[in-house]
Amino acid sequence: MSGKVLDIWNEPCARLIGAVGHHAYFTQNAGARERIDLFCGRIMRDGIVAFMGEEYPRLAAATPDRADAKAVIVNVINATPCLVDGNAHLLSLVMCRPDLTLAELVRLTRRIDFLRVWHDGWEPGSRQENPYDTYIPPDTDVRHVPEARDGVNGFVRPPARVKVIPSTIAFDSVLFSAADRGQPIGETARVLRQTKGEIPRV
């Protein structure tokens with residue numbers, strides 16, 4: 001997608017680049033596949049609006065800072081939309097609605113507070129002084145990734161070890177090994193459908 005102006009709102013969510021290591025995780029890990037199955041079952045049973053409402057509760061109007069709140073986060077890097085957070089949820093939605101767009105998701109839910117968009121780690125309207133860091137799995141091969149370092153994700157409980165990389169490196173970069181490199185979540189959905197059969201669409 002590099003080299004063109006990207007409309008992340010109306011591009012299919014299937015084209016979002018999943019997080020580093022997540023394609024292999026969702027397609028090869030039995031526990032991860034089971035989680036996607038559960039999410040898809042809820043979407044089919046209760047609908048997209050109810051699913052998003054349960055997974056991303058509305059923030060109180062008086063909430064002073066959204067930075068710590070659960071959200072779908074898309075970081076746009078050189079016209080490549082990378083899905084920083086919300087991979088399992090967006091993958092499940094794409095499994096059930098392959099042509100879903102972020103614009104449609106906002107229209108259906110009548111909300112936008114669950115969605116955050118960065119540009120090279122900078123979020124419009126934030127008070128940040130530096131770009132946000134990006135966390136990737138701790139066992140990722142980062143030998144060729146500049147400025148990568150060990151770190152801790154303090155946003156989860158309990159805190160977890162991670163690798164930290166600059167937010168200017170796209171998840172599908174050749175700096176990552178083929179096994180770790182991010183894939184469009186639509187491709188991950190395609191592989192899962194081959195494994196378990198077509199899922200009825202909502």
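**Caps, faces and edges**

Modeller: Asparagine 29 caps helix H2 at its N-terminal end, with a side-chain oxygen 2.9 Å from the backbone nitrogen of glycine 31.

Biologist: What makes that 2.9 Å a polar contact?

Modeller: A polar contact is a pair of N or O atoms within 3.5 Å; within protein, one must be able to donate a hydrogen and the other to accept it, and residues adjacent in sequence count only if both atoms are side-chain atoms. Here an oxygen and a nitrogen lie 2.9 Å apart, so the pair falls within the limit. One caveat: this is a predicted model, where local features need pLDDT of at least 70 and side-chain atom pairs count only at pLDDT 80 or more, while totals for chains, interfaces and linings use all residues. Residues are numbered from 1 along each chain as its sequence is written, and side-chain values use heavy atoms, leaving out hydrogens and water.

Biologist: Fine. How do you know what span is expected for H2?

Modeller: The recipe is 1.5 Å times one less than the number of residues. H2 covers residues 30-46, 17 in number, and its first and last C-alpha atoms are 24 Å apart, close to the expected 24 Å. Helices (H or I, at least four residues) and strands (E, at least two) are DSSP runs, numbered from the N terminus. Just after H2, glycine 47 has a positive phi of about 95 degrees.

Biologist: Why do you say the buried residues of H2 line one face?

Modeller: Buried means under 20% relative accessible area, exposed over 50%, and partly exposed in between (1.4 Å probe, protein chains only). Ala32, Ile36, Phe39, Cys40, Arg42 and Ile43 are the buried ones in H2. Looking down the helix axis, they fall within an arc of 160 degrees, so they line one face; the arc is taken from the directions from the axis to the C-beta atoms. Ala30, Glu34, Leu38 and Arg45, on the other side, are exposed. The buried set packs against H1, H3, H4 and H6, contact meaning heavy atoms within 4.5 Å.

Biologist: On to the sheet. Why do S2 and S3 stand at the edges?

Modeller: Three strands form an open, mixed sheet in the order S2-S1-S3. S2 (80-85) and S3 (115-119) each have a single partner strand, so one side of each has no neighbour in the sheet.

Biologist: And what makes S1 and S3 a pair?

Modeller: Two strands pair if DSSP finds at least two bridges between them. Five bridges join S1 (residues 72-77) to S3, running parallel, so the requirement is met. Valine 72 stands opposite leucine 115, and valine 76 opposite histidine 119. S1 and S2 are also joined by five bridges, but run antiparallel; in their hairpin, with two residues between the strands, asparagine 78 takes a positive phi near 50 degrees.

Biologist: How do you know that both faces of S1 are covered?

Modeller: Val72, Val74 and Val76 are buried on one side, and Ile73, Asn75 and Ile77 on the other.

Biologist: Why does threonine 80 count as buried or exposed?

Modeller: Its relative accessibility is 9%, so threonine 80 counts as buried. This S2 residue stands opposite isoleucine 77 and touches Ile17, Asn75, Ala170 and Asp172, leaving aside residues up to four places away in sequence.

Biologist: And why is alanine 179 classed as buried or exposed?

Modeller: At 58%, alanine 179 counts as exposed. Alanine 179 sits in the loop between S6 (160-165) and H6 (185-196).
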